[in-house]
Each structure stands twice: as C-alpha cells, then as structure tokens.
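Notebook open, coffee poured. Here is what I looked up in this one, in the order I went through it.

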Amino acid sequence: MAAATATGVLLGVRFAVAAAWVVAAFCLAVACLGAGSVSRLRDESGSSAVVGALVFSTLLASGGAAAAMRATAVSGGILLSGVRQPARVEVTATVAEEPHQVRYGGQWVVLTVNEVHRNGRTYRTRERAGMVVPRGRLPPSQPSRGSPLRLAVGERLRVRASVGEARWSDSLGRQPPVVLRNPIIEGRAPPGGAALRISERVRDAARSRALASLAPERAGLLIGMALGDTSLLPAELERDFRAAGLTHLMAVSGANLAVVLAAGLWLAGVAGVGRRGLAVVGILLVVVLVVVTRWEPSVLRAGVMAGLVLLGVATGRGPGGRRALSLAVVVLLLADPSLAGALGFQLSVVATAGVLWLGPATASALPDRIPERVRKGVGMTLGAQATAMPALALTFGSVSLSGLPANLLGLPLAGGPMLLGVVAAATAPVAPWAATLACHLADPFLLALIAVAHWAAGLPGGSVALAGPARAAPVGVVLLGLLAVARRRRSPYLPRRAELPTDVERTVNGRDDHRRRAPPAGAVTSRGGGARDLGPPDLPGPRQDVRRHVR
C-alpha cells in the first residue's frame, strides 16, 4: 500500500495532468468497491487477487492525483509568475517552519504567503517562499511578546522584497520555489493561535533553563534531543554526531514519542485509568508533542503510527507495527505529497521499516549464546542502519562505518535525556526548579553521549566518502543482504511445508473445520522437531524466546 502510494506520487510529479489522475482514481475506487462487494457475496477465492490489484491501482492513482494537483498549484503560484519582474512586492505571510541558522549569523525562514501586493493590486494565494533575514534586521514583535532575536513558527509578517527563483526547489513545493531577496520586515505580530503561542513560550523557557543549568554544548544537545531544536548545538559537536551516525538522536521521531508515551501511559495506568482512557491520554500526548516539536516529517510519521496503535488499544482491534507504518505512509502522502521529497520523512520511514522487518530476522540469525536483549538491540540497530544507509549515501555522499558501535553504545543512553528534556521543557515556564533538576539529572547521560560521539568520530576509517556512481554501492550491498536474510528465513514454529505429513498440513492450514489448531501429540516426525515443539504444553508465550522451542 505504501509503495503503491509513493509510486503514484512520483508518477504524478512526472506526469502532472491532475484531471486525468483524479478521473482514474475515482473510476478505480468505484471498481474496487464493486469488486469487493461481489467477492463477499460469492465468496470466491480467486476474486481476492482482483480486489488486491484494484486496491493497489487505486492507491497508485490517488497518489498520482494528489501529487499532480500539488505540482500544478506550485507551478501556478503568483510569486513564481513574477520572478522576472523587477518591481518589489509586499507580502503578508506566516512563518511555516522553525528558522535555521545560516552562515554569518542570519536565519533561513520558510514562509506561507497569504497575500501578495504588486503593482497596486492584491492577490490572495497560498504558496511557500523562503528568505534570509540578516542579523540585526529583525524588528520587535507587536505586541512585544516574541523574542527580539529569533522568529517563531506561526508569527505573522509583512515583508517588502524583490522576488527571485530559488536555486534548489522541487515540483511539490517542499523546498520553496521562490526566494524573497533583500527583505525588509515592516511588520511583525505573534502567532494567532493560542497553541502556537504557548508552545513557543515553552520552547523559549526550555532553552533559557538549559543554558542556565548546563554547559553550552550539553544544553544544546539536551534541547535538540527533547525538542528537535539544534540552534544551540555547536558546529563541531554536530559534525561529530554526523560522523558517528548519531544525528537521528537530535531529530525528534518515534524514539522520543515512545519514551514520552511509555512514561505518560504508565502514570495514567497507576492512576487507575481504563483502556479507553489510556488511548485518549496517549493521543493527547501525541498531539502536544507534535505541536511543541513543530510537526517535523519524522514526528508526523511517528504521531500517525502511534495514533493508529492507540485507536487499536481503545477498540481492541488495531493494526500491528508493520500495518500501522504502511497506513501512516499512505495517509501522510495523500494529505501532503511533498513529504515524499523530505529527507527526514524518508529516513524515518526506511529506518522504521528496517527495525520492523529486518530487526527480528537479524536478531534470530545471531548465535544463541548472545543474551536475548543484546541480540534484539543489535538486530534493530543493524536493520535501521541497513535501510537508512542507501538514502544517506545518495544524499550526503558518505557512509558512517562507526555507526553500529556508536548506536549500540549511544541508544541505551539516549532514553534518559529524551524524557528528562521533555520534563524540563514542560516544567520550565511554571516550575523552574523542577526543570533545573531535570537538566542536572540528564547531565551524566549527555556527557556519556558526547564521549561516544567523539570516540566514534575519531575512529580511523569511521566515515567513508563516496563520489559519483559509488554513492549507489550501499544500495546493492543492502539488496544482497536482504536476499541473504530472505533465503535463511523460515518459520520458528513449523518445519518446511514439504516435511509435514498430510493430516498435519491440513490442520495447520486451517482446512480441518476451518480452525487453526496445533497438531496432535506425536503427529510430527522427528525431522520436524517432535510433538513437544508444537503441542499445547510447550508452545512459547508471547515474550518467550521461540528458538529454545525449535531445537
């Protein structure tokens, strides 16, 4: 499902004929519903393949329609049409993303433009534009509630500038297609929504409290791990984390969400909240974290996945991790096709897929003498590193060979700062003493993480630079690894299909009264492992290691 939607998005960008894609998606959806109804009425096994093909085609066409509509809207923008006109324009816009520091102290700001005033006429629009605000050119907010040195997400600006075409952009508008050159900010107002104003106050208080309680580099690391804000992180430390393959710790994603949800749901459970109440508490925590961390692509992926799982907790029937990931990708790409070009979204999806699909297979391939927790940790780390490596190599042209040992040492240390950083941010505006205590408790973990990053970055050959066609080499290596894992993979409970007697095969496949029962004692030959491996008395529990039952 996710692959079909992503393929449709790519095709929609390539062939941006919105009307054709919309008609195709509508016709396929009607055909899919009709085929599904016929399949339920006739109960024909062959029709399920037809329904599956129609679902695949419908998602592909839907992704193409969404991408084509977005590409058409981006190419027809008011600002883009006036790129070659020398006249300056006045725009009314809101800050769409957290500003980033650029060289010489300026800020790169991405805006959502709402109005364009040009040549005495006013145009209403909704498109993205970027601009660089030099240091010292930022007027105070009116009323004066915002920071005089930085812009916040949601702030409303009135800017006069000339319009130029961006050097780097994409058809879906994730990277703004136009740049406002030589901008003069004539007006500035705080965010219109209460949620954005409160979240910005929380972020400002967290930054101030971290800087007052910790050394600058550890304060920047704590805020980066808790809120995804790397504005305080020194450049040298950021380079070390990138060379060690630990930059994902400073991009808020599923790990942060899992830590916060685990703590919040545990407290709610201790308070006696029921199953549906736990789901409500979890969804509220997800929404709050998404708003405070500025809905980065990786946070959106993790938030939608967590929401689907929590809905399953409330109803008693929900998707597992793999299905939740696929559904989250489908929902997000249909809602915002430009996410397909966001590196954070790509890395988040492929790393999660590696953990869910490759992690268990890799852990089961490790020797039994290794402790189970170590096997699982190595398996998940290898799975995430293997699937994320091709994207990193193609984008940055380098591969971190020290990423595996650095992640094995760093991941156990990261949970503490993630949770304590969120606690510090939540308590900084109302209880500064609690925020200071949380910062001091996180300090030893931060020192250890910085030491791991320095050690891994200093390893000889820890980072390999790739150029030209060599950037695609990790893709081939990962594909070969996937093929090797697929060849070795087999069911942990049952022998191969050819080794099962006929009566046992019927029972296991559900043809005996349409029930899936364990075969009777003594029904499996010694080559298959014996009845004690399959009979009810020795079936492993949900958290037991299945390997000791299949010897």
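My entries run from the whole chain to single residues and then to the charged pairs.

**Overall**

I'm working from a predicted model, so I keep that in mind throughout. I started with the secondary structure and found 17 helices and eight strands. The protein has 551 residues, and 43% of them count as buried. I then looked at contacts between residues with a separation of 6 or more: 69% of those join residues 24 or more positions apart. For the surface, I noted about 28,900 Å² exposed, with carbon and sulfur atoms supplying 62% of it.

**Helix 8**

Next I went to helix 8, which spans residues 254-270, and picked out V260. Is V260 buried or exposed? I have V260 down as buried, because its relative accessible area is 11% and the cut-off for buried is under 20%. Leaving out residues up to four places away in sequence, I found V260 touching L285, L289 and V422. For L285 I also checked the backbone: its C-alpha atom is 7.8 Å from that of V260, although the two are 25 residues apart along the chain.

L267 is in helix 8 too. Here I got the opposite label: L267 counts as exposed because its relative accessibility is 52%, and exposed means over 50%. I also found L267 in a nonpolar surface patch with W266 and V270, and the three together have about 370 Å² of accessible area.

**Two asparagines with positive phi**

I went looking at backbone angles and stopped at N119, which is not a glycine yet has a positive phi of about 55°. Where is N119 placed? I located N119 in the loop between strand 3 (107-118) and strand 4 (121-133). I put N119 down as exposed, at 60% relative accessibility.

N182 also has a positive phi, about 50°, and is not a glycine either. I found N182 in strand 6, residues 178-189. My note on its surface reads exposed, with a relative accessible area of 58%.

**Salt bridges**

How many salt bridges does the structure hold? I have 17 on the list. As a reminder to myself, side chains of opposite charge can pair when their charged atoms come close.

I looked at R158 with E90 first, and their closest N and O atoms are 3.6 Å apart. This pair links distant parts of the chain, since R158 sits in strand 5 (residues 156-165) and E90 in strand 1 (residues 89-95), 68 residues apart. I noted R158 as partly exposed at 35% relative accessibility, while E90 is buried at 16% relative accessible area.

Then I took E97 with R128, where the closest N and O atoms are 2.6 Å apart. This one also links distant parts of the chain: E97 is in the loop between strand 1 and strand 2 (100-101), R128 is in strand 4, and they are 31 residues apart. I have E97 as partly exposed, with a relative accessible area of 24%.

K376 and E372 meet at 3.3 Å, N to O. I checked the spacing: they are four residues apart in helix 13 (residues 372-396), so about one helical turn separates them. Both went into my notes as partly exposed, K376 at 45% relative accessibility and E372 with a relative accessible area of 29%.

Last entry: I traced a network of salt bridges that links E98, E200, R203, D204, R207 and D229.

Conventions
Residues numbered from 1 in each chain as written. Predicted model: local features only at pLDDT ≥ 70, side-chain atom pairs only at ≥ 80, totals over all residues. Heavy atoms only, no water. Buried < 20%, exposed > 50% of the residue type's maximum accessible area, 1.4 Å probe, protein only. Contact = heavy atoms within 4.5 Å. Areas by Shrake-Rupley, 256 points an atom, 1.4 Å probe, with all protein chains shown as cover. Patch = residues over 30% accessible without salt bridge, like charges linked within 9 Å, V, L, I, M, F, W, Y side chains within 5 Å. Salt bridge = Lys/Arg side-chain N within 4 Å of Asp/Glu carboxyl O.
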